[in-house]
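Trainee: I am new to this structure and would like to go through it step by step. Could we take it as questions and answers?

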Amino acid sequence: MIQLILARHAKSDWADEGLDDHDRPLNDRGRRDAPAMARAVLRRGVRPEVLLSSTAVRARTTADAFAEEFEVDVTEDAALYLAEPDGLLDAARSSGAREVMVVAHDPGMSELVSRLAAREVRMVTSAVAIFTWHEGEWTDVGSTPPDEVELLTP
């Protein structure tokens, strides 16, 4: 089984206009939504072996909320910051695990989810997409439709 869990970071705080985009923290809603979405994923029996995150503060804080629920460490990857869809998928493939979660950003996240779901999907902040292939390898992901697709929004 291959399971790919894609999460867009939770809602970020824009209050400090002088703050670099990479350094924006979560706002109050984001700090509430991230753990709630982590629990929603866990209730579905999904618990990734590997959790990859963009190095941006808002993504890493979101990933930390998931990591706490899943009892897994976060691996930061600078290449996931504003990554294109293929970069997101390549990071998951190269993780060495069969059940992988990636926490990153739009527009790459919405584009990859839309491609894998074979329909237009807008990944709002804190949204999670769970893709499952019961047979096959990572090389099949992207060329073979998933057996299961579940989209969760806050």
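Mentor: The questions below go through the sheet, the helices on it, the cores and a few backbone details of a predicted model.

Trainee: Which strands stand at the edges of the sheet?

Mentor: The sheet is open, has 6 strands with mixed pairing, and follows the order E3-E2-E4-E1-E5-E6. A strand at an edge has a single partner strand, so one side of it is left without a neighbour in the sheet. The strands in that position are E3 (74–76) and E6 (148–152).

Trainee: In which sense do E2 and E4 pair, parallel or antiparallel?

Mentor: Strand E2 covers residues 50–53 and strand E4 covers residues 99–104. Leu52 has Val102 in E4 as its bridge partner. Over 4 bridges, the sense of the pairing is parallel.

Trainee: Which strands does helix H4 touch?

Mentor: Two helices can be taken together here. Helix H3 (residues 85–93) packs on the sheet and touches E1 (2–8), E2 and E4. Helix H4 (residues 108–117) packs on the sheet as well, with a direction at about 145° to that of E1. The strands touched by H4 are E1, E4, E5 (128–133) and E6.

Trainee: How do H3 and H4 lie against each other, roughly parallel or roughly perpendicular?

Mentor: The axes of H3 and H4 come within 8 Å and cross at roughly 75°. An angle from 65 to 115 degrees counts as roughly perpendicular. Therefore H3 is, with respect to H4, roughly perpendicular.

Trainee: Which residues make the contact of H3 with H4?

Mentor: The residues of this contact divide into 5 nonpolar, 1 polar and 3 charged. From H3 come Pro85, Asp86, Leu88 and Leu89. From H4 come Gly108, Met109, Glu111, Leu112 and Arg115.

Trainee: Which element gives the largest share of the largest nonpolar core?

Mentor: This core has 28 residues, and Leu4, Leu6, Val102 and Phe131 have the most contacts inside it. Two or more residues come from each of E1, E2, H3, E4, H4 and E5. The largest share is 5 residues, and the element that gives it is H4.

Trainee: How many residues of E5 are buried?

Mentor: E5 pairs with E1 in the antiparallel sense over 6 bridges, and 5 bridges join E5 to E6, also antiparallel. Val128, Ile130 and Thr132 point one way from E5, while Ala129, Phe131 and Trp133 point the other way. E5 is largely enclosed by the rest of the structure, because the count of its buried residues is 6 of the 6.

Trainee: Which residue of E6 is the bridge partner of Ile130?

Mentor: Ile130 is one of the residues of E5. E5 and E6 run antiparallel. The bridge partner of Ile130 in E6 is Glu150.

Trainee: Which residues does a cis peptide bond join?

Mentor: The place to look is the loop between E4 and H4, where Pro107 is found. The omega of the bond is about 10°. The residues joined are Asp106 and Pro107.

Trainee: Is Ser126 buried or exposed?

Mentor: Ser126 is in the loop between H4 and E5, and its phi is near 75°, a positive value in a residue other than glycine. Buried means under 20% relative accessible area. Ser126 has 3% relative accessibility, so it counts as buried.

Methods: Residues numbered from 1 in each chain as written. Predicted model: local features only at pLDDT ≥ 70, side-chain atom pairs only at ≥ 80, totals over all residues. Heavy atoms only, no water. Pairing = 2+ DSSP bridges. Contact = heavy atoms within 4.5 Å. Axes fitted to C-alpha atoms, helices over the stretch in contact; angles between N-to-C directions. Parallel < 35°, antiparallel > 145°, perpendicular 65-115°, else oblique. Nonpolar A, V, L, I, M, F, W, Y, C, P; charged D, E, K, R; others polar. Core = buried A, V, L, I, M, F, W, Y, C linked by side-chain atoms within 4.5 Å. Buried < 20%, exposed > 50% of the residue type's maximum accessible area, 1.4 Å probe, protein only.
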